[in-house]
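Got the viewer open? Let's take a walk through this one together, one selection at a time.

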Amino acid sequence: MRVIQLIDSLRSGGAERMAVNYANALAKRIDESYLCCTRMEGLLKKKLSPEVGYLFLDKKKTLDIKAFRKLRRFVKEHKIDLIQAHSSSWFLALMIKWSLPRVKLIWHDHYGRELQGRKVGILKYASKNFDGILSVNSELLEWSKKNLRSKKIAYFRNFLLNDQRIPEDIDYKNFIHGSVFNIICLANLRPQKDHLNLLKAFKIVSENHAKTSLHLVGKDENDEYSKSIRDFIASNALEEKVFIYGEQEKVEFFLGQADLGILSSVSEGLPLALLEYGRAGLPVVSTKVGQCEEILREKGLLAPPGDSLKLAECICHYIEKEESRKSDAASFKRYVKEEFSEEVVMSSYITYFNQ
């Protein structure tokens, strides 16, 4: 079996990270594993295993004939059997399938916003040409069954890779251990993640627990939303307590410096951040969106989206209740290891592909 992952960018994001995870995991299990980045390279390129074949298209527009020919030639030369197209890359993958009918096309749906307003559009008609659809949560699975035309639709959990190499050049100077309770939020700076709700909650927390800090790790577009975050920090005199790091290559090691992991999103699919928190052994506070409630269950604390007061209460609970904090963190870490490991997901995944 020869499989290529197709993804528009390799900047930090859930779909992008999963494309890399699948490429690396498959490299150990099939004849050849490849990854093609269509539009924009990024830090995640460094995460690719040396065993993964790589292609960059530098695609400039939706109908880019030069990029199409380059990918088609690559697929033919390497005798690729299956394209796994992540998120919006399905259109280019469909063009390849039409020109090379023997190639199978699996679309991997990572949609993380509210499904109520999601438009089907031409995807409905295109999907009859998909050999399969993978959904990252049960809600997306039901949406695809209702709105799309592919016969082999399945739910596959996101997963974490096993290999982690510890770097020696990361500066953790803003993390103070022992005397300060360090909270980390692993989320790109965009409105869906609702950092303003988190900042409002943190302001409440810091008024009751002075020795706390908040660390925001994620892609920063330096846009209006990013400016609103910085304005809130400045206007509430939180510069010495809230730190913005931007996009980071080694996020797992920032997690190792924290005491609690948090997500304050207004919508999610199955966020990898929660799994990263679990593997790092952190207690977790999250808003009740997407699959977060199903994943955390009794192993973390949940707040309604947009409710900064309830979010603050959850954080304070873990600051004040050390036993609860340690117990929930240990329980969630075991669950992530048992249910979201590379081995568990890839075993079912290979079976699905072979079908």
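Select Y22, F156, F159, Y349, Y352 and F353: together they form one aromatic cluster. Keep in mind as you look around that this is a predicted model.

Now zoom in on two members of that cluster, F156 and Y349. The structure holds 12 aromatic pairs. One of them is W90 with F130, an edge-to-face pair with 6.0 Å centre to centre and 65 degrees between the planes. We'll use that one as a warm-up before going back to the cluster. W90 is in helix α3 (residues 90-99), while F130 is in the loop between α4 (123-126) and β6 (132-135), so this pair links distant parts of the chain, 40 residues apart. Are W90 and F130 buried or exposed? W90 counts as buried because its relative accessibility is 12%, under the 20% cut-off. F130 is buried too, with a relative accessible area of 5%.

Back to F156 and Y349. Their rings also meet edge-to-face, 5.8 Å centre to centre and with 90 degrees between the planes. F156 lies in the loop between β7 (153-155) and β8 (181-186) and Y349 in helix α13, so the pair ties together parts that are 193 residues apart in sequence. Both F156 and Y349 are buried.

Next stop: a pocket. Show L82, K104, I106, D131, K152, Y352, F353, N354 and Q355, and you have the lining of the second largest pocket. You'll recognise Y352 and F353 from the aromatic cluster. The volume of this pocket is about 160 Å³. If you wonder how such a space is found, rolling a probe the size of a water molecule over the atoms shows where empty space is left.

Which elements each supply at least two residues of the lining? Colour β5 (104-109) and α13 (342-354) to see them. The largest share, 3 residues, comes from α13. By type, the lining divides into 4 nonpolar, 2 polar and 3 charged residues.

Now for charges over rings. Select R157 and F340: the charged end of R157 sits over the ring of F340, 4.8 Å from its centre. Then try K299 and Y335, where the lysine lies over the face of the ring at 4.3 Å from the ring centre.

From K299, step along to G300, in the loop between α10 (292-296) and β13 (301-303). G300 counts as buried because its relative accessibility is 11%. Draw a distance from G300 to G261: the two are 39 residues apart in sequence and 10 Å apart in space, C-alpha to C-alpha.

Stay in the loop between α10 and β13 and pick R297. Its phi is near 45 degrees, a positive value in a residue other than glycine. R297 is partly exposed, with a relative accessible area of 43%.

For another positive phi, jump to A237, where the angle is near 50 degrees, again in a residue other than glycine. Look for A237 in the loop between α7 (224-235) and β10 (242-246). At 61% relative accessibility, A237 counts as exposed.

Time for a helix. Select residues 195-208, which make up helix α6. How far apart are the end C-alpha atoms of α6? At 1.5 Å a residue, its 14 residues should span 20 Å, and the ends are indeed 20 Å apart, which agrees. Now highlight the buried residues of α6: H195, N197, L198, L199, A201, F202, V205 and S206. As you turn the helix, remember that an α-helix has 3.6 residues a turn, so residues three or four places apart point the same way.

Two more distances to finish. Go to G14, in helix α1 (residues 14-27). G14 is partly exposed, with a relative accessible area of 41%. Draw a line from G14 to P271: their C-alpha atoms are separated by 6.9 Å, although the residues are 257 apart along the chain.

Last of all, pick Q84 in strand β4 (residues 82-86). With a relative accessible area of 0%, Q84 is buried. Measure across to L10, 74 residues away along the chain, and the C-alpha atoms turn out to be separated by 15 Å.

Note on methods: Residues numbered from 1 in each chain as written. Predicted model: local features only at pLDDT ≥ 70, side-chain atom pairs only at ≥ 80, totals over all residues. Heavy atoms only, no water. Helix = DSSP H or I, 4+ residues; strand = E, 2+ residues; numbered from the N terminus. Expected span 1.5 Å × (residues − 1). Buried < 20%, exposed > 50% of the residue type's maximum accessible area, 1.4 Å probe, protein only. 1 Å grid on protein atoms, 1.4 Å probe; cavity = no way out; pocket = protein on both sides within 12 Å on 5 of 7 lines; lining within 4 Å. Points joined across faces, edges and corners; volume = space filled by probe spheres on them. Nonpolar A, V, L, I, M, F, W, Y, C, P; charged D, E, K, R; others polar. Phe/Tyr/Trp six-rings, centres within 6.5 Å; stacked < 30°, edge-to-face > 60°. Lys NZ or Arg CZ within 6 Å of the ring centre and 35° of its normal.
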